[in-house]
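Thanks for coming, everyone. I have one structure to show you today. Let's put it on the screen.

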Amino acid sequence: MKKPSYKVLATGIIIIIVFAALLLYFWPMEMSDLINEDYEIRITRTEVGVRDGEPYIDTKNYDDLTEEQRQDIISVIERSVKD
């Protein structure tokens, strides 16, 4: 019987390592891992549509959140993760 060559074995190992790295990189994270009280929260509303046959994009930033609004957002995210 013919023994497998080292090139085939090395190629197989490299493919397995690349697959494992991609799997770890794209592993889904929980939302609670992404946000906590130390992070800045930015909210942007984007509206896309057509007016008079012309496309438009309107954006509005909501950067001025009160501390109460910020805490409400964090608690909603934490509750959605627990459910």
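I'll start with the whole chain, then stop at two places along it.

One thing up front: this is a predicted model. The chain has 83 residues. It holds 3 helices and 2 strands. Follow the sequence along and you get the pattern α-α-β-β-α.

Now, how much of the chain is buried? Just 8% of the residues count as buried. The accessible surface comes to about 8100 Å². Carbon and sulfur atoms account for 60% of that surface.

What about contacts? Take those in the chain with a separation of 6 or more. Of these, 43% are between residues 24 or more positions apart.

First stop: helix H1, residues 6-25. Leu22 sits in this helix. Is Leu22 buried, partly exposed or exposed? Its relative accessibility is 45%, so Leu22 counts as partly exposed; exposed would need over 50%. Leu22 also belongs to a nonpolar patch on the surface. Its partners there are Ile14, Val18, Tyr25 and Phe26. Together, the five residues have about 590 Å² of accessible area.

Second stop: the loop between strand S1, residues 43-51, and strand S2, residues 54-62. Asp52 lies in that loop. Look at its backbone. What is the phi of Asp52? It is near 50°, a positive value in a residue other than glycine. Most residues other than glycine have a negative phi. And is Asp52 buried or exposed? Asp52 has a relative accessible area of 81%, so it counts as exposed.

That's the tour. Over to you.

Definitions and conventions: Residues numbered from 1 in each chain as written. Predicted model: local features only at pLDDT ≥ 70, side-chain atom pairs only at ≥ 80, totals over all residues. Heavy atoms only, no water. Helix = DSSP H or I, 4+ residues; strand = E, 2+ residues; numbered from the N terminus. Buried < 20%, exposed > 50% of the residue type's maximum accessible area, 1.4 Å probe, protein only. Patch = residues over 30% accessible without salt bridge, like charges linked within 9 Å, V, L, I, M, F, W, Y side chains within 5 Å. Areas by Shrake-Rupley, 256 points an atom, 1.4 Å probe, with all protein chains shown as cover. Salt bridge = Lys/Arg side-chain N within 4 Å of Asp/Glu carboxyl O. Contact = heavy atoms within 4.5 Å.
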